[in-house]
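Colleague: Please take one close look at the surroundings of the ligand, and then place them in the wider context of the protein. A single connected account would suit me best.

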Amino acid sequence: MPNPSLLILPGDGIGPEVMAEVRRIIDWFGGKRGLVFDVSEDLVGGCAYDAHGTPLHDDTMARAQEVDAVLLGAVGGPKYDDLDFSVKPERGLLRLRKEMDLFSNLRPAQCFDALADFSSLKRDVVAGLDIMIVRELTSGVYFGEPRGIFKEGNERVGINTQRYTESEIARVARSAFELAMKRDRKLCSMEKANVMESGILWRDVVTEVSRDYPEVELSHMYADAGAMQLTRWPKQFDVIVTDNLFGDLLSDLAAMLTGSLGMLPSASLGAPMANGRPKALYEPVHGSAPDIAGQGKANPIACILSFAMALRYSFDQGAEAARLEAAVERVLADGLRTADLMGPEGGTPVSTSGMGDAILGALDASL
Ligand code: IPM
Ligand code: MG
């Protein structure tokens, strides 16, 4: 059996520096756990534009389709703000999601005990929080046609289209029910069925799919009320399933509950490949943070936890994923803090690579 293959796309801003820490973790699993990956690296986003005039070269796209999993850092930066929309760094990421057909985006929001005081919400609201947002990732208003800026009489009109087919809703709903079955068996579906036809269809189809999962308790909420409930009492939720745009908003909101956007990983999964593994891309929820890039200030944890998700969802290594997650929890409990995690209660300040060192140390200690 060949080693499983990983394509690493560090991207822009803090992407390369957080990914450098992930590479050390990958090497650790190779050396100490016999989990050897065949790793290749390539460009995405602004750096790909600089090199090739496109945010994702066709060769990179083709490689992403072949590997067992893609790990991505972050894309974008002010340098690229004035580029034409079609070659903006974000288009590289959106192309990967669309062409790999990664319809199910898992965004866990877990509050580590050591960081519970760090959230902008009160400790008892967030301590022990462990929810999973499943965001539809390949359709909806992100991709619907018609779209564009058109001339209508003597003014311009900007158009985007929210469009969902039954099968698109059903497949992401199914993946959310499957996850709920492995967790607390509670699923809340969020849409705006009060104002959008696509929301009515969403609610109908999710309800239909629920017949195959009688053990899962399904509820429905309007997405605006869902945002309110997420800040009021987030622990009422287990799994949330929602569309592309609402999922984008709600997952940023959920991220902040945990104290810092620098903590949250994500997995974007598609249909199974010939070898049974799902098409998969793993990336931190945070962006490229150009303001702190290159200064050793970035928190590598979201990217490291994204690799833990790869171990779990692509490589069936749940125990090794848990080992890595426990190592992260250990260093946080020991008080190590990158700049984004420095709260009033203090802690030991560490750089990006200092955090990597500590997590590697905790991994060693786990053997
Ligand atoms: C995310 C990001 C992306 C999105 C951007 C970078 C295109 O905000 O992954 O949440 O809007 O999906
Ligand atoms: Mg977002």
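Modeller: In this predicted model, a polar side-chain atom of Arg-135 lies 2.8 Å from an oxygen atom of ligand 1. The side chain of Asp-248 likewise places a polar atom 2.8 Å from a ligand oxygen, and for Arg-97 the distance from a side-chain N or O atom to an oxygen of ligand 1 is 2.7 Å. These are polar contacts, that is, pairs of N or O atoms within 3.5 Å; within protein, one atom must be able to donate a hydrogen and the other to accept it, and residues adjacent in sequence count only if both atoms are side-chain atoms. The full set of residues around ligand 1 (a heavy atom within 4 Å of it) is Glu-90, Arg-97, Arg-107, Arg-135, Tyr-142 and Asp-248.

As to conventions, residues are numbered from 1 along each chain as its sequence is written, while chains are lettered from A and ligands numbered from 1 in the order in which they are written. Local features need pLDDT of at least 70 and side-chain atom pairs pLDDT 80 or more, whereas totals for chains, interfaces and linings use all residues, and side-chain values use heavy atoms, with hydrogens and water left out.

The wider context is a division of the chain into domain 1 (1–104 + 261–367) and domain 2 (130–257), with bounds from an automatic or database domain assignment. Their centres, taken over C-alpha atoms, are 25 Å apart. Contact (heavy atoms within 4.5 Å) involves 14 residues of domain 1 and 16 of domain 2. About 1400 Å² is buried between them, 62% of it from carbon and sulfur atoms; buried area is the accessible area (1.4 Å probe) that two parts lose on being put together, summed over both.

Between the domains there is 1 salt bridge, meaning a side-chain nitrogen of Lys or Arg within 4 Å of a carboxyl oxygen of Asp or Glu. A salt bridge joins the side chains of Asp-101 and Arg-171, at 2.9 Å from N to O. Polar contacts link 4 residue pairs across the two domains, both residues at pLDDT 80 or more. On the side of domain 1 that touches domain 2, helix α4 (residues 89–99) contributes the most, with 4 residues; helices (H or I, at least four residues) and strands (E, at least two) are DSSP runs, numbered from the N terminus. That side of domain 1 divides into 8 nonpolar, 2 polar and 4 charged residues, where Ala, Val, Leu, Ile, Met, Phe, Trp, Tyr, Cys and Pro count as nonpolar, Asp, Glu, Lys and Arg as charged, and the others, Gly among them, as polar.

Two backbone features complete the account. The peptide bond from Glu-145 to Pro-146 is cis, and Pro-146 belongs to strand β6 (residues 144–152). Arg-185 has a positive phi, near 60°.
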